[in-house]
Amino acid sequence: MRILHTADWHLGNTFHGHSRTGDHRHFLSWLLGVIDQNRPDALIVSGDIFDNANPAATAEHLFYDFLDDATARAPQMQTVIIAGNHDGAARLEAPADLLRRHNVYLRGTIRRTADGEVDFDHYILPLCHADGDSEARVVCLAVPFLRPADYPQGLTPGAGMAWFMSHLKRRLAGSPFAALPIVTAAHFYATGAEVCENEHSERLVVGGQECISLDQAACGAVYTALGHLHKAQRVGQGQQAVHYAGSALPMSFAEKNYRHGVNMVSIDADGACRVERIEYHPQRLLMSIPGRGAALPADVLAGIQRLPERTADDDGQTWPYLEIRVHEQQPQPTLMREVREALATRAALFCRMVREGAPLTDDDDAADDGYGLPQRLEQLTPEDLAQHVFRQRYSQPMPEPMRNRLTKAYERAVHDGDDSLDSTPDISL
């Protein structure tokens with residue numbers, strides 16, 4: 001059996017205000033080419049098909065257009081799609097009856113029987129060769145992202161996964177497919193996996209409460225096709241092949257150096273598994289000025305001038321996403337305007353500007369030049385607070401001209417406030 005594993009498409013995502021419809025269309029077109037070239041028996045998409053539970057119509061069009069093209073090109077290929085935490089499970093599963101006729105199997109919600117028990121048989125999917133042979137060669141356990149309502153009350157996510165998998169294995173053991181090699185498709189944080197914690201895209205819940213150990217998800221699978229984490233990686237040690245396929249596109253600038261693609265998994269009759277990585281190169285790169293760290297405003301503006309100029313015949317589809325990291329020694333209120341003006345003729349999509357001050361050292365903090373905050377709150381003045389914040393951000397005292405302007409502004413505000421109190425009209429009867 002040859003199984004293609006992908007995950008975390010996040011269709012409908014916008015990147016710092018920029019639509020990624022073109023980027024996703026490019027990825028899905030590439031994926032169709034991979035299917036044409038490799039002719040897999042099955043395709044597994046391990047969750048987070050969409051970026052949110054209520055995707056825009058353009059995102060749904062991309063998804064269904066891909067399925068239509070894929071099933072037309074490879075009508076015998078079986079496609080297994082599970083819901084991730086970003087997906088609206090019921091909405092994703094809504095066309096399941098229709099898509100099943102085209103060998104597309106959606107598993108989003110946890111289906112229950114008339115007596116309220118989980119219908120575990122629903123998540124056991126036999127897979128066969130795409131050459132028309134109807135004999136099952138592999139069994140896929142398709143486990144969508146589990147929410148607290150999907151397992152007994154009071155269990156942690158890890159214990160909930162262990163409960164679900166133990167019941168699923170029990171049902172599999174009594175099925176006609178018990179002797180087949182097992183492939184698991186699931187969507188969760190695996191303990192020990194490498195996570196991007198610098199930005200919001202993959203930040204763990206405090207204390208790692210949502211992490212699930214591989215032992216809790218174990219079922220004897222020869223390959224576990226995971227989704228959720230955006231960095232493609234193998235997790236765990238030993239003979240188990242547990243892999244994150246990684247996201248289709250980088251989801252934050254912290255993921256700038258991630259390598260994207262899909263896994264081609266070959267499983268022989270004895271259950272031996274071989275994994276080949278097929279790399280994908282997004283049409284837009286992520287770029288930072290400067291390449292590392294932060295630069296002074298003048299150096300940032302000089303870096304912008306070195307970017308390629310826009311041309312009339314360039315449709316902008318390959319322009320990189322750009323972030324600027326500036327080291328400020330004092331406030332630069334006009335810098336954003338200067339940056340935008342400089343970028344107006346450059347072939348890049350501006351995403352954000354990160355302003356960084358020099359970090360305070362222990363010596364800086366101890367020698368506060370008299371600008372430390374008073375011990376008692378009633379002693380705190382606006383000037384004290386402003387100078388403390390300035391020093392914390394820029395690692396130096398506030399310049400004298402700025403201090404004078406601050407003092408004058410404060411005095412004027414106090415004077416205007418007193419005048420307004422004195423001029424309050426008498427509304428008593």
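R91 is partly exposed, with a relative accessible area of 35% (partly exposed lies between buried, under 20%, and exposed, over 50%, using a 1.4 Å probe and protein chains only). In this predicted model, local features need pLDDT of at least 70 and side-chain atom pairs count only at pLDDT 80 or more, while totals for chains, interfaces and linings use all residues. Residues are numbered from 1 along each chain as its sequence is written, and side-chain values use heavy atoms, with hydrogens and water left out.

R91 is joined to E60 by a salt bridge (a side-chain nitrogen of Lys or Arg within 4 Å of a carboxyl oxygen of Asp or Glu), and the closest N and O atoms are 3.1 Å apart. E60 belongs to helix α2 (residues 57–73) and R91 to helix α3 (residues 89–93), so this pair ties together parts that are 31 residues apart in sequence. Helices here are DSSP runs of H or I with at least four residues, numbered from the N terminus. Unlike its partner, E60 counts as buried, at 17% relative accessibility.

The structure holds 17 salt bridges. Among them is the pair D23 and R20, at 3.7 Å from N to O; both D23 and R20 are buried. Another links D36 with R39 at 3.8 Å, N to O. Here D36 is partly exposed at 32% relative accessibility, and R39 is partly exposed too, with a relative accessible area of 42%. Elsewhere, E323, R325, R352 and E356 are joined into one network by salt bridges that share partners.

Terms used
Helices (H or I, at least four residues) and strands (E, at least two) are DSSP runs, numbered from the N terminus.
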